[in-house]
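Work through the following exercises with the sequence and the coordinates open beside you. Each one sets a task about empty space or the ligand, and a stepwise solution follows.

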Amino acid sequence: MAKFPERVFSGVQPTGNLHLGNYLGAIKRFVAMQATHPCIYCVVDLHAMTLPHEPAQLQRTTREVTAAFLACGIDPKANIVFNQSRVAEHAELAWVFDCVARLGWLNRMTQFKEKAGKDRENASIGLFNYPVLMAADILIYRATHVPVGDDQKQHLELTRDIAQKFNNDFAASIAAHGHGEAYFPLPEPLIQGPATRVMSLRDGTKKMSKSDPSEYAHIALTDDADAIAQKIRRAKTDPEPLPGEVEGLARRPEADNLVGIFAALNDATKEDVLKRFGGSQFSAFKTALADLAIEKLAPIRAEMLRLAADPAFTDAVLAEGAERARVIARPNMDAIKDILGLVR
Ligand code: TYM
């Protein structure tokens, strides 16, 4: 496989409240990647239309995710921050990939099955097509690394399959146009750290998600200190003290989840946390966890509130980011059109 310059791409949907899972599984890791890679971070508003949506809310949540990116420490000068719908090449490449991806591949996507529910006939075509647009998001920039939570693993595998099939199907044309043996890299999913799958605080077997009806199931990035403390205090646990070793967390999903959250917030490992809290009762551990969560999340919340009062600023960040994204996306799309034999 040809060598591609390293570039990071990832996205977050502007649907509802961002929660601790989005932060620890994704955004906190986006921040860390800035030290080593050029990064492109996208508010994927087109993806947010795959389920019924309310226009005024979409506008608000697009600004809110942008504010969260900035408040968490993403630097929009050093890197690119923009909203997907502003760069038409995402949708343009998604059509190309619709003609590359196979129906059978899409039929295997578990997230579609979950989101469509029982009434699958009534799901939007966009919801079915969601992972193809996601592949286009990544590959229009020929990104090589994609930090995501565990729930996006299957979508990343599909992205690699699409890239591979495009490279194979059009190999002769790719070479003839001077791109060597492959036009697209096979992007590497980066699913790392102690919190790749943060679970509900009410049920350690269910993923923490924006759509959980119980308010106590998730910690929102906009929760204040009292709400955070209360949610952690009420989090489901089991009656045993914490184990001294990671193996002791097996079959204890709630304990495993809280230890993972502590570790991720503290830039530590689960081993480190158990070294300190092994043998402790949950009451003591929960107090320490609440203090830590408040210490780490309060400054983010304050900055999000400050930015929410200044939508002109976040809008300007998105507009400028989109211009810089287009500078990469447009020539790539033109090259892809040439490879495909589309006259331009
Ligand atoms: P979204 O908006 O559902 O979630 C954004 C990021 O948060 C991660 N995440 C979690 N991580 C750990 N524990 C959880 N409970 C948890 N819940 C969510 C997600 O894995 C994700 O990384 N399809 C994507 C958005 C997208 C995208 C892309 C991502 C569109 N195009 C291209 C990467 C590259 C999504 O729905 O994310």
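**Exercise 1.** Determine how the lining of the largest pocket divides by residue class, and which elements contribute to that lining.

*Solution.* In this predicted model, the lining of the largest pocket comprises 20 nonpolar, 20 polar and nine charged residues. Taken together, the lining counts 49 residues, and those nearest the centre of the pocket are Q13, T15, K115, D151 and K210. The space in this pocket amounts to about 1,100 Å³. Two or more lining residues come from each of strand 1, helix 1, helix 2 (55-72), helix 5, helix 6 and strand 4 (145-147).

**Exercise 2.** Locate the ligand, and identify side chains with an N or O atom at a short listed distance from one of its oxygen atoms.

*Solution.* Begin with the location: the ligand sits in the largest pocket. Strand 1 (8-12), helix 1 (20-33) and helix 6 (125-139) are the elements that each give two or more residues to the shell around the ligand. That shell holds 28 residues, with Q13, Y130, D137, D151 and V198 the closest, and by class it has 12 nonpolar, 11 polar and five charged residues. Next, apply the cut-off of 3.5 Å for a polar contact between N or O atoms. The side chain of D151 places an N or O atom 2.4 Å from a ligand oxygen, the corresponding distance for the side chain of Y130 is 2.6 Å, and for the side chain of K210 the distance is 3.3 Å. Finally, consider burial: the ligand taken alone exposes 700 Å², of which the protein buries 97%.

**Exercise 3.** Describe the second largest pocket, and find the element that gives the most to its lining.

*Solution.* About 220 Å³ of space lies in this second largest pocket. Its lining is formed by 15 residues, and L24, K28, R29, A264 and D267 lie nearest the centre. Helix 1 and helix 10 (253-265) each supply two or more of the lining residues, and helix 1 gives the most, with six. By class, the lining divides into 10 nonpolar, two polar and three charged residues.

**Exercise 4.** Establish how many cavities of 30 Å³ or more a search of the whole structure finds, and state what lines the largest cavity.

*Solution.* The search finds one such cavity, and the volume of the largest cavity is about 50 Å³. Its lining consists of Q111, F112, K115, L127, Y130, P131 and H155, with helix 5 (110-116) and helix 6 each giving two or more residues. Sorted by class, this lining has four nonpolar, two polar and one charged residues. Y130 thus appears in the cavity lining and also among the residues closest to the ligand.

Methods. Residues numbered from 1 in each chain as written. Predicted model: local features only at pLDDT ≥ 70, side-chain atom pairs only at ≥ 80, totals over all residues. Heavy atoms only, no water. Near = heavy atom within 4 Å. Polar contact = N/O pair within 3.5 Å; in protein donor to acceptor, adjacent residues only side chain to side chain. Areas by Shrake-Rupley, 256 points an atom, 1.4 Å probe, with all protein chains shown as cover. 1 Å grid on protein atoms, 1.4 Å probe; cavity = no way out; pocket = protein on both sides within 12 Å on 5 of 7 lines; lining within 4 Å. Sits in = over half its atoms within 2 Å of the grid points. Helix = DSSP H or I, 4+ residues; strand = E, 2+ residues; numbered from the N terminus. Nonpolar A, V, L, I, M, F, W, Y, C, P; charged D, E, K, R; others polar. Points joined across faces, edges and corners; volume = space filled by probe spheres on them.
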